[in-house]
Amino acid sequence: STGLIFPQGYEYSPQLGFGLDGVGWYFPINDYMDLRLTGQIYWHGTWAITADSKYRKRYKYNGGLNLKFASRRTIDDLDNRANSYAIRWNHNQDGKAHPTRRLSGSMNIQGNGFQRLNNNDARSVLSNQLSSNVSYSQSFPGKPFRLSATMSHSQNTQTRAVNISLPKLNFQMDRIYSFKKKGASSGNKEKWFEKVSLRYNAQAQNKFVATDTTLFSQKT
């Protein structure tokens, strides 16, 4: 049910001042999806907001989306702010959902050193590699065609380099014998041209390299 989420803790930070962590509101959007909005606020002007949504439909799919944005201002530098963000998404499709289409993957993208600025646990500080991988595949019953599309991402939080491949497409046609006679008996000898076959494979890829501070800017 809809309701208030009480703060997870009250704390004092020498850099940020007094603060509340984890206060927010819970929204049950429908039978398949919910939304949890929580925030952080500190005395010297630092604040952050998190939107966490989970979804599930039986025999179809399940997953979750987590969006975070933080605006940090410390007592040593009150005139400047450091804005950062983090995007996490995962999606799993049930094997019974569709006979010819499949979508699955996970995404973990951060900007402007989000975990370095906002987390102080060893796992967040020492983990330097982030990656994402999303895939879609489609087959065509009764036809010799297959289509796949993928998105991949790798990121180093120390060098701040971001590499993204979006999209990467692959279209395939299985081997066909266009000149073979239909309904021919096995005893008849094939003509030379009936043995001529054709296969087709097409690939397309788009890649770009950026930094975590320019990823969604005109520079990229």
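Biologist: How many helices and strands does the protein have, and what pattern do they follow along the sequence?

Modeller: In this predicted model, the protein has two helices and twelve strands, and reading along the sequence gives β-β-β-β-β-β-β-β-α-α-β-β-β-β.

Biologist: What radius of gyration does the protein have, set against a compact globule of 220 residues?

Modeller: Such a globule would have a value near 17 Å, whereas the protein has 26 Å; along the principal axes, its C-alpha atoms fill a box of roughly 90 × 45 × 30 Å. Buried residues make up 29% of the 220 residues.

Biologist: Which residue forms a salt bridge with Lys 54, and is that residue buried or exposed?

Modeller: A salt bridge requires a side-chain nitrogen of Lys or Arg within 4 Å of a carboxyl oxygen of Asp or Glu, and the structure holds four of them. Asp 52 is the partner of Lys 54, with the closest N and O atoms 3.0 Å apart, and Asp 52 counts as buried because its relative accessible area is 19%, the cut-off being under 20%.

Biologist: Where in the chain do Arg 160 and Asp 212 lie?

Modeller: Their side chains meet in a salt bridge at 3.2 Å, N to O, and this pair links distant parts of the chain, with Arg 160 in the loop between strand E10 (145-156) and strand E11 (161-176) and Asp 212 in the segment after strand E12 (198-211), 52 residues apart. Arg 160 is partly exposed at 25% relative accessibility, while Asp 212 is buried at 4%.

Definitions and conventions
Residues numbered from 1 in each chain as written. Predicted model: local features only at pLDDT ≥ 70, side-chain atom pairs only at ≥ 80, totals over all residues. Heavy atoms only, no water. Helix = DSSP H or I, 4+ residues; strand = E, 2+ residues; numbered from the N terminus. Rg over C-alpha atoms; globule rule 2.2 N^0.38 Å. Buried < 20%, exposed > 50% of the residue type's maximum accessible area, 1.4 Å probe, protein only.
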